[in-house]
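Q: Please take a close look at one part of this predicted model, namely the second largest pocket. Which residues line it, and how does the rest of the chain stand around it?

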Amino acid sequence: TKTINQVANYALVEWEDNNTISKKPPEEYFPQYASRFSHEELHKMMYWHGLYDGWQNDNYYDFLEKRRKKMAKVIKEGFLAI
């Protein structure tokens, strides 16, 4: 539970999308979800959410480690922009 509930695993997902995703792995649900957005929109969303190309295919622990670093970079850039 501690691993699942850490900040690096959180994402804002609308209720309807979350219901559709259910317990599917990211490699199954992400391509369909991503297809709703333009390349530019998706790129921006992935940046702001600390996601990287291929995240949906990584094992869970590698994903958490890489995402923590991306999230830290986004936060740092936000502070430097002030």
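A: The answer below begins with the chain as a whole, turns to the pocket, and then follows the neighbouring loop and the salt bridges.

The model is predicted, and its protein chain contains four helices and zero strands. Read from the N terminus, the order of elements is therefore simply α-α-α-α. Of the 82 residues in the chain, 20% are buried. Among contacts in the chain with a separation of 6 or more, 54% join residues that are 24 or more positions apart.

Confidence should be considered before any detail is read. The mean pLDDT of the protein chain is 84, and 79% of the residues score at least 70. Helix 3 has the highest confidence, with a mean of 94, whereas helix 1 has the lowest, with a mean of 71. Where pLDDT is low, predicted coordinates should not be read in detail.

The second largest pocket holds about 160 Å³ of space. Its lining consists of Asp-17, Thr-20, Ile-21, Lys-24, Glu-28, Tyr-29, Gln-32, Tyr-33 and Arg-36. Two elements give two or more residues each to this lining, namely helix 1 (15-21) and helix 2 (26-34). Helix 2 makes the greatest contribution, with four residues. Helix 1, the other of these two contributors, is also the element in which confidence is lowest, at a mean of 71.

In chemical terms, the lining of the pocket comprises four charged, three nonpolar and two polar residues. The charged residues are Asp-17, Lys-24, Glu-28 and Arg-36. The nonpolar ones are Ile-21, Tyr-29 and Tyr-33, because tyrosine is counted in that class here. Thr-20 and Gln-32 are the polar residues of the lining.

Next comes a loop residue. Gln-56 is found in the loop that lies between helix 3 (39-48) and helix 4 (60-80). Leaving aside residues up to four places away in sequence, Gln-56 touches Pro-26, Glu-27 and Phe-30. Gln-56 counts as buried because its relative accessibility is 15%, and the cut-off for that class is under 20%.

The salt bridges complete the account. Three of them are counted in the model. One joins Lys-44 to Glu-40, with 3.6 Å between the closest N and O atoms. Both of these residues belong to helix 3, where Lys-44 and Glu-40 lie four residues apart, about one turn of the helix. Lys-44 is partly exposed, at 47% relative accessibility, whereas Glu-40 is exposed, with a relative accessible area of 53%. The two fall into separate classes because exposed requires a value over 50%.

Another salt bridge pairs the side chains of Asp-58 and Lys-66, at 2.9 Å from N to O. Both partners count as partly exposed: Asp-58 has a relative accessible area of 25%, and Lys-66 has a relative accessibility of 38%.

The remaining salt bridge connects Lys-69 with Glu-65, whose closest N and O atoms are 3.8 Å apart. Lys-69 and Glu-65 are four residues apart in helix 4, so about one helical turn separates them. Lys-69 is exposed, with a relative accessible area of 57%, while Glu-65 is partly exposed, at 42% relative accessibility.

In summary, the pocket is lined most by helix 2, with four residues, and helix 1 also gives two or more. The loop residue Gln-56 is buried and touches Pro-26, Glu-27 and Phe-30.

Technical notes: Residues are numbered from 1 along each chain as its sequence is written. This is a predicted model: local features need pLDDT of at least 70, side-chain atom pairs count only at pLDDT 80 or more; totals for chains, interfaces and linings use all residues. Side-chain values use heavy atoms; hydrogens and water are left out. On a 1 Å grid over the protein atoms alone, a cavity is a set of points where a 1.4 Å probe fits but cannot get out, and a pocket is an open set with protein on both sides within 12 Å along at least five of seven lines; lining residues have an atom within 4 Å of a point. Grid points are joined across faces, edges and corners, and a volume is the space filled by probe spheres set on the points. Buried means under 20% relative accessible area, exposed over 50%, partly exposed in between (1.4 Å probe, protein chains only). Contact means heavy atoms within 4.5 Å. pLDDT is the predictor's confidence in each residue, from 0 to 100. A salt bridge is a side-chain nitrogen of Lys or Arg within 4 Å of a carboxyl oxygen of Asp or Glu.
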